[in-house]
Amino acid sequence: MSLLRLSARLKAIAELVPDGIGAADVGTDHGYIPVWLAQNGYGGKLYATDINKEPLRHAKQTAAEYGQDGRIEFHLCDGLSALKGKNIDTVVIAGMGGENIASILEAAPWTRENSCFLILQPMSKSAHLRKWLYNNGFRVLSEQLVDDSGIYEILTASAGTDEPYSPAELLIGHARLIASDPLYEKRLAQLTDKIGKEVSGLSASLKSEALERLTDTKETLLSLQKLKSSGFKAGD
Ligand SMILES: C[S@@+](CC[C@H](N)C(=O)[O-])C[C@H]1O[C@@H](n2cnc3c(N)ncnc32)[C@H](O)[C@@H]1O
């Protein structure tokens, strides 16, 4: 039987899954994460959910192709809705927007009550996700950047109280967690450039909504510039 090979992004996510009693992959699509876990010694139960039929069919097909169909329980459902009451200690939600990830967690407060280990990989709006985690009783435990034809962010979190974020840290993660990442400086430069352009665009606009956003965006830019000039390295 052949072994599934993962992309750099998916491999970095899958390698963060600790062995345990149950792991759920939400929005599994192709099903690569649970199939890889089954093939690589995960000992607990594996769950895969998707809100759409076609991706779930694809996931079942991947499992069959790699001889793991008996190892994974599949659910057609929104987020974690079909998994309440199951013995799950790790939840993976990857490849969706940060707002969608936060909504899925909001609808499943048991993930916090049961101190589940969360592995989250937002494709956008990671600042929204960090803010939501901070306001909803989760502590971010690690931050990681992965280069896979673009830079991807991977966060892990669990129930707990976190330290407050600066505007820049909402975008990139707590400096103490991310500053030693090999891609940190590149990501910080990208974000500074992006927010700098937003400030220029908003400054040139005459619309009242633009003026309202300008103050916040300028504050974020200043915060990013401060972080950059601080030369913060994890452990400082
Ligand atoms: C871009 S794919 C990501 C697949 C995989 N997790 C990855 O990271 O490569 C997003 C998948 O999430 C599913 N999805 C989106 N919102 C969802 C929700 N609320 N609950 C479950 N699945 C969802 C979509 O149907 C799609 O299959």
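**Exercise 1. Cysteines**

In this predicted model, determine how many disulfides the structure holds, and explain the result for Cys 77 and Cys 116.

*Solution.* The count to be explained is 0 disulfides in the structure. As a first step, recall that a disulfide is a covalent bond between the sulfur atoms of two cysteines, and that the cut-off applied to such a pair of sulfur atoms is 2.5 Å. Next, take Cys 77, whose closest cysteine sulfur belongs to Cys 116 and lies 15 Å away, so the distance is too far for a bond. Starting from Cys 116 leads back to Cys 77 as the closest partner, again at 15 Å and too far for a bond. As a last step, consider the exposure of each residue: Cys 77 is buried at a relative accessible area of 10%, and Cys 116 is buried as well, at 0%.

**Exercise 2. Two strand residues**

Decide whether Thr 90 and Ser 158 are buried or exposed, then place each residue in its strand and list its contacts outside the local sequence.

*Solution.* Begin with Thr 90, which belongs to strand β4, spanning residues 90-96. Its relative accessible area is 1%, and because a residue under 20% counts as buried, Thr 90 falls in that class. Once residues up to four places away in sequence are set aside, Thr 90 touches Val 17, Pro 18, Gly 22, Ala 23 and Ala 24, together with Phe 117 and Ile 119.

Turn then to Ser 158, located in strand β7, which covers residues 151-159. With a relative accessibility of 14%, Ser 158 is also buried. Apart from neighbours within four places in sequence, its contacts are Ser 115, Cys 116, Gly 137, Phe 138, Arg 139 and Leu 141; the Cys 116 in this list is the residue given above as buried at 0%.

**Exercise 3. The ligand shell**

Describe which residues surround the ligand, which polar atoms approach the ligand, and which element gives the most to the shell.

*Solution.* First, count the shell: 18 residues surround the ligand, and the closest are Arg 9, Gly 27, Asp 50, Asp 78 and Gly 79. By class, these shell residues divide into 7 nonpolar, 7 polar and 4 charged.

Second, examine individual atoms. A polar side-chain atom of Arg 9 lies 2.7 Å from a ligand oxygen, a backbone N or O atom of Gly 79 lies 2.7 Å from a ligand nitrogen, and a polar side-chain atom of Asn 100 lies 3.1 Å from a nitrogen atom of the ligand. The ligand taken alone exposes 610 Å², of which the protein buries 82%.

Third, assign the shell to elements: α1 (8-14), β4 and α4 (98-106) each give two or more residues, and β4 gives the most, with 3 residues.

Conventions: Residues are numbered from 1 along each chain as its sequence is written. This is a predicted model: local features need pLDDT of at least 70, side-chain atom pairs count only at pLDDT 80 or more; totals for chains, interfaces and linings use all residues. Side-chain values use heavy atoms; hydrogens and water are left out. Helices (H or I, at least four residues) and strands (E, at least two) are DSSP runs, numbered from the N terminus. Buried means under 20% relative accessible area, exposed over 50%, partly exposed in between (1.4 Å probe, protein chains only). Contact means heavy atoms within 4.5 Å. A residue is near a molecule or strand if one of its heavy atoms lies within 4 Å of it. A polar contact is a pair of N or O atoms within 3.5 Å; within protein, one must be able to donate a hydrogen and the other to accept it, and residues adjacent in sequence count only if both atoms are side-chain atoms. Accessible areas come from the Shrake-Rupley method with a 1.4 Å probe; for residues, only the protein chains shown count as cover. Ala, Val, Leu, Ile, Met, Phe, Trp, Tyr, Cys and Pro count as nonpolar, Asp, Glu, Lys and Arg as charged, and the others, Gly among them, as polar.
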